[in-house]
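Q: Please take a close look at one part of this model, the open sheet, and describe how its strands are arranged and what surrounds them.

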Amino acid sequence: MEIAIIDYGAGNIQSIKFAFQRIGINPVLTHNSETILKADKIIFPGVGEASSAMKKLKATGLDVLIPTLNQPVLGICLGMQLMCKFSEEGNTNGLGIFDAEVKKFSNKVKVPQIGWNQISALKTDLFDGISENEYMYLVHSFYAPICSETIAISNYELDYSSALQKENFYGTQFHPEKSSSAGQRVLENFLKL
């Protein structure tokens, strides 16, 4: 199985690569369109700021390519947020895959949220074998509100989408590569999609 991790200069791609290597998969890091199109599964990571990340995607044409992909795609953290239609972070238009507008947590809570939080209301095969209220690792100042594409919920000040899914596109606000055995299970389930 060929797994491509999109390398566009925004993300903790090494930890994602190591997480797959622990389950016997050696993913390729790439920004090459042909390599991405040929891959069986795509990981779209992201750590950083939305507007600068979108500029990097546009510079390589990945902003046009990603929404057209037909194989399973998993956006992680900022990768998931960039798959939404808009983000308040830098007033940034996203890829428009998910029908959600990413918002910033208020100043009533410590921002960013850093650490372990529970996920609940789990839907789809991405969460096979994972218990309700399992803990996952999160680091984020912005969130995707609950919407029709929500497949997992977390609460920090309010309920928000900790995972989204539309057709072959999946996104997790949490970091499965840093979330112990449950996170590893999410990656294993993604490989089965």
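A: The account below follows the sheet from its strand order to its hairpins and then to the nonpolar cores.

This is a predicted model, in which local features need pLDDT of at least 70 and side-chain atom pairs count only at pLDDT 80 or more, while totals for chains, interfaces and linings use all residues. Residues are numbered from 1 along each chain as its sequence is written, and side-chain values use heavy atoms, with hydrogens and water left out.

The open sheet comprises 7 strands in the order β2-β1-β3-β4-β13-β12-β11, with mixed pairing. Strands (E, at least two residues) and helices (H or I, at least four) are DSSP runs numbered from the N terminus, and two strands pair if DSSP finds at least two bridges between them. At the edges lie β2 (28-30) and β11 (150-156), each of which pairs on one side only. From one strand to the next, the twist averages 25°; axes are lines fitted to C-alpha atoms, for helices over the stretch in contact, and angles run from 0 to 180 degrees between N-to-C directions.

Strands β1 (residues 3-6) and β3 (residues 41-44) run parallel and are joined by 3 bridges, with alanine 4 opposite isoleucine 42 in β3. Helix α1 (residues 13-21) lies across β1, β2, β3 and β4 (73-76), at about 165° to β1.

Elsewhere in the sheet, β11 and β12 run antiparallel through 6 bridges, and threonine 150 has leucine 164 in β12 as its bridge partner. Their hairpin has 1 residue between the strands, and glutamate 157 there takes a positive phi near 75°. Strands β12 and β13 are likewise antiparallel, joined by 4 bridges, with lysine 166 opposite phenylalanine 169 in β13. This second hairpin has 2 residues between the strands, and glutamate 167 takes a positive phi near 55°.

The loop between β12 (158-166) and β13 (169-172) holds asparagine 168, which counts as buried (under 20% relative accessible area, 1.4 Å probe, protein chains only) because its relative accessibility is 16%. A polar atom of the asparagine 168 side chain lies 3.4 Å from the backbone oxygen of asparagine 70. Beyond neighbours within four places in sequence, asparagine 168 is in contact (heavy atoms within 4.5 Å) with residues including Leu69 and Val73.

The largest nonpolar core (buried Ala, Val, Leu, Ile, Met, Phe, Trp, Tyr and Cys residues joined through side-chain atoms within 4.5 Å) has 32 residues, and Tyr8, Phe44 and Leu82 have the most contacts inside it. Elements giving two or more residues to this core include β1 and β3.

Conventions
Buried means under 20% relative accessible area, exposed over 50%, partly exposed in between (1.4 Å probe, protein chains only). A polar contact is a pair of N or O atoms within 3.5 Å; within protein, one must be able to donate a hydrogen and the other to accept it, and residues adjacent in sequence count only if both atoms are side-chain atoms.
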